[in-house]
Amino acid sequence: MFYNKIKTLVPQNLKAFIRNPLLNTKLKRAYRYDYQKYLKFGRNRFESSPVKLIGQIILLYHVIEKGLTMPETRLGFGKQRIIRLCDLCLKYRDKYGLDDDQVTHAIQVILEYNDFHKRNNFKLDKSVIECIDHILDFANQIEPSQQIEVTREDYFKHTFDSFQLFSNSRSSIRNFTQQNIPIEELEQALELARNTPSACNRQSWRTYIFSDHERIKRILDAQGGNNGFGHLTNKLIVITGEMGLFGGIAERYQVYIDGGMYAMNLLYALHYNQIAACILNCSHTPEKDELLRNICGIKDSENFIAMIACGIPPERFKIAISRRYERSDTNNIID
Ligand SMILES: Cc1cc2nc3c(=O)[nH]c(=O)nc-3n(C[C@H](O)[C@H](O)[C@H](O)COP(=O)(O)O)c2cc1C
């Protein structure tokens, strides 16, 4: 009672003056808490665990999958990566056995990489052959994977079907024709994506749509995760989140959560409008973040969430498998 009375007598700016240093201290403590957890549990230290090893294996096999599905696959691509991938699969097998679907899939991708080069009469480097031979020694029961190949018609055939068919038919597409996407079609997708839920309806997402090829090239060169297909992008959507809508300790990551939800919803909205898309990473080092801010011209108060390369796919194209875990591997039903 007495405290409340005193509180009403203290001027607003004095309250802010007292609260701010307190907020600074609490925020630093919260970020230190996050930092310690990320340092300890993230894949940052030398010691390995099954999960950390699998994280590396997935990263590597996915790069190989992407290489196999590029508009023009470069023969002999990913030499260092395939060697590392073979090494990690062997390491995993020696330490933990071969009971993980993602590791099995990695081996299947290695075998597909091998078959692909054989089919194209390309002699792989000796060091690569040696590593693959180590895998072949024990993987004789495992079949090579086969990246997906579809027609444009098939890819979009479920866009007006049930959510189950629709959702299962969306994939990241990394192959576009020169056909222009009319801005009105993108606007329809943006209109639909407005229905994204957000924390207390604050709708922190913002987008920047780029059409100019020179500008797109500069942005994508800096982004760096679009080799072999980025140059085909017709429209680039940069998604950011406005930090000014959030405050305090508890909301320090809200901008990313709401932005991530928006990004997924926009991917579905693009698919619904038969626009092929590949979402691209924007989790960068501070140096790259600054560089991208300068090129994209986003507001200082906004954070990058992701970017989406958009285009119209060709008549026939390939899609990376991106194998999913079984439901029971990632979901915990608590009685
Ligand atoms: C936040 C985020 C960042 C991504 N960054 C890239 C990227 O930089 N380059 C790329 O080719 N794919 C990128 N992807 C696409 C993933 O590789 C893809 O979503 C994943 O393999 C699942 O495949 P799907 O989208 O076909 O279902 C990213 C996906 C997400 C969600």
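## A four-stranded sheet and a ligand site

In this predicted model, 4 strands make an open sheet in the order 2-3-5-4, with antiparallel pairing. Strands here are DSSP runs of E with at least two residues, while helices are runs of H or I with at least four, both numbered from the N terminus. Two strands pair if DSSP finds at least two bridges between them. Strand 2 (205-210) and strand 4 (276-281) sit at the edges with a single partner strand each, so one side of each has no neighbour in the sheet. From one strand to the next, the twist averages 25°; angles run from 0 to 180 degrees between N-to-C directions, with axes as lines fitted to C-alpha atoms, for helices over the stretch in contact.

Let's look inside the sheet. Strand 3 (residues 235-242) and strand 5 (residues 302-311) are antiparallel partners over 8 bridges. One residue to find is Ile237, whose bridge partner in strand 5 is Ile308.

Next come two helices. Helix 10 (residues 213-223) packs on the sheet and touches strand 2, strand 3, strand 4 and strand 5, where contact means heavy atoms within 4.5 Å. The direction of helix 10 makes about 60° with that of strand 3. Helix 11 (residues 254-272) lies across strand 2, strand 3, strand 4 and strand 5, and runs at about 10° to strand 5.

Now for the ligand. Which residues are the closest to it? They are His62, Ser172, Arg174, Gly225 and Arg324, out of 15 residues that surround the ligand, each with a heavy atom within 4 Å of it. Strand 4 gives the most to this shell, with 4 residues, and helix 3 (50-68) is another element that supplies at least two. By class, the shell has 4 nonpolar, 7 polar and 4 charged residues; Ala, Val, Leu, Ile, Met, Phe, Trp, Tyr, Cys and Pro count as nonpolar, Asp, Glu, Lys and Arg as charged, and the others, Gly among them, as polar.

Here are some polar contacts, meaning pairs of N or O atoms within 3.5 Å:

| Residue atom | Ligand atom | Distance |
|---|---|---|
| Arg174, polar side-chain atom | oxygen | 2.8 Å |
| Gln223, side-chain N or O | oxygen | 3.0 Å |
| Asn281, backbone N or O | nitrogen | 2.8 Å |

Taken alone, the ligand exposes 620 Å², and the protein buries 72% of that, using the Shrake-Rupley method with a 1.4 Å probe.

Residues are numbered from 1 along each chain as its sequence is written. Local features need pLDDT of at least 70, side-chain atom pairs count only at pLDDT 80 or more, totals for chains, interfaces and linings use all residues, and side-chain values use heavy atoms, without hydrogens and water.

Key. Polar contact = N/O pair within 3.5 Å; in protein donor to acceptor, adjacent residues only side chain to side chain.
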